[in-house]
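Hi everyone, thanks for making time. I'd like to walk you through one structure today, so have a look at the screen and then we'll go through it piece by piece.

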Amino acid sequence: MITFKRVIMNKSTEQFSGIPYVMTLLNCLLSTWKKNMDPGFQEDGCTIVKRYGLPFVSPNNILVSIINGTGAGLEAFYVLTFLIFAPKREKAKISGILFVVLSIFSTVALVSMLALHANKRKIFCGFAAAIFSIIMYGSPLSIMRLVIKTKSVEYMPFFLSLFVFLCGTSWFVYGLLGKDPFIAVPNGVGGLLGTAQLILYAIYRDNKGKGKKGEEDKTSEMELGKPQENKDQLPNTLNGDAKA
């Protein structure tokens, strides 16, 4: 929210990346879909609840649907805001990624609903959610590269990095306790990537804003250098004309 408050106030996305928000949207959609996939089946008069890779659910447990449904709504708002204030090139890029994301979700939903049943459906949805969870956690890598290049955390929000770490770690522990690799593996990767982001933040936290300032100073120097260069060339031209 802090990042997008800045985007709205400045009416510009600056150098913030929209990819993490689009990929998080996909992850939330898949997780919400998996919660509502199968209410269970009847055996000896009792309802046997099926469990899916991410996360463990039952027909009476709406907590996961609420969490991921709310997350999907927030991410949709973030993506829409990003598209409104992004420059044309970045807007086209994020729009293309969003189209791919929605196509992937639609494909997973249709295949799991129409072509697969029982255990095959569970495994398919589990693999899909796990793979795209890893991609979601890896999406800030481009920003990490920018941080290393500019030696500034100006465009890597602290709270985003912190909650990537907390989310990945908590779900990783949850997956270990439940002995479910569909939860443990992708969120373990997320916890490690979140740790890497926090380490980068700790290293370059004192340089926040200097990357942007350095770019502006460099641009100013280039602009000031051009008139000086022209002034240097002018006497040489006059001297050449005089000799002639």
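Let's begin with Met 136. Buried or exposed, which is it? Its relative accessibility is 10%, and anything under 20% counts as buried, so Met 136 is buried. Before I go on, please keep in mind that this is a predicted model.

You'll find Met 136 in helix α5, which covers residues 118-138. What does Met 136 touch once we leave aside its neighbours within four places in sequence? The answer is Met 23, Thr 24 and Asn 27. There's also a nice long-range pairing here: Met 136 and Leu 26 are 110 residues apart in sequence, yet their C-alpha atoms are 8.2 Å apart in space.

Now hop over to one of those partners, Thr 24, which sits in helix α2. Not counting residues up to four places away in sequence, Thr 24 touches Met 136, which we've just met, and also Glu 75. And look at Gly 71 while you're there: along the chain, Thr 24 and Gly 71 are 47 residues apart, and their C-alpha atoms are separated by 8.3 Å.

Let me zoom out for a moment. The protein chain has nine helices and two strands. Reading from the N terminus, the order goes α-α-β-β-α-α-α-α-α-α-α. The chain has 244 residues, and 39% of them count as buried. As for contacts between residues at least 6 apart in sequence, 73% of them join residues at least 24 apart.

What does the record say? The UniProt entry, which is unreviewed, lists "transmembrane region" for residues 62-85, 97-117, 123-143, 155-177 and 183-204. I checked two of those stretches against the model. Residues 97-117 come out as 90% helix and 0% strand, with the end C-alpha atoms 30 Å apart. For residues 155-177, the split is 87% helix and 0% strand, and the end C-alpha atoms lie 35 Å apart.

On to how helices pack, beginning with α7, residues 158-178, and α8, residues 181-204. How do their axes meet? They come within 7 Å of each other and cross at roughly 150°. Angles over 145 degrees count as roughly antiparallel, and that's why α7 and α8 get that description. The crossing itself is left-handed. If you sort the residues in this contact by class, you get 13 nonpolar, eleven polar and no charged ones.

Helix α8 has another partner to show you, and that's α6, residues 141-150. Here the axes are 11 Å apart and the packing angle is about 20°. That's under 35 degrees, so α6 runs roughly parallel to α8. This crossing is left-handed too. Which residues make the contact? From α6 we have Leu 141, Met 144, Val 147 and Ile 148, and from α8 we have Leu 193, Ala 196, Gln 197, Leu 200 and Tyr 204. By class, that's eight nonpolar, one polar and no charged.

Let's stay with one of those, Met 144 in α6. It counts as buried because its relative accessibility is 10%. Apart from neighbours within four places in sequence, Met 144 is in contact with Met 156, Ala 196, Gln 197 and Leu 200. And if you're looking for Tyr 155, it's eleven residues from Met 144 along the chain, with 9.3 Å between the C-alpha atoms.

Last stop, two lysines in loops. Lys 151 lies in the loop between α6 and α7. It isn't a glycine, but its phi is positive, at about 55°. With a relative accessible area of 46%, Lys 151 is partly exposed.

The other one is Lys 11, in the loop between α1 (2-10) and α2 (19-35). Lys 11 also has a positive phi, near 55°, and again we're talking about a residue other than glycine. So where does Lys 11 fall, buried or exposed? At 64% relative accessibility, Lys 11 counts as exposed.

That's my tour. Happy to rotate the view if anyone wants another look.

Conventions:
Residues are numbered from 1 along each chain as its sequence is written. This is a predicted model: local features need pLDDT of at least 70, side-chain atom pairs count only at pLDDT 80 or more; totals for chains, interfaces and linings use all residues. Side-chain values use heavy atoms; hydrogens and water are left out. Axes are lines fitted to C-alpha atoms, for helices over the stretch in contact, and angles run from 0 to 180 degrees between N-to-C directions. Helices (H or I, at least four residues) and strands (E, at least two) are DSSP runs, numbered from the N terminus. Angles under 35 degrees count as roughly parallel, over 145 as roughly antiparallel, 65 to 115 as roughly perpendicular and the rest as oblique. A crossing is left-handed if the near helix is turned anticlockwise from the far one by less than a right angle, and right-handed if clockwise. Ala, Val, Leu, Ile, Met, Phe, Trp, Tyr, Cys and Pro count as nonpolar, Asp, Glu, Lys and Arg as charged, and the others, Gly among them, as polar. UniProt positions are given in the numbering used here, feature names are shortened, and annotations may be inferred rather than shown by experiment. Contact means heavy atoms within 4.5 Å. Buried means under 20% relative accessible area, exposed over 50%, partly exposed in between (1.4 Å probe, protein chains only).
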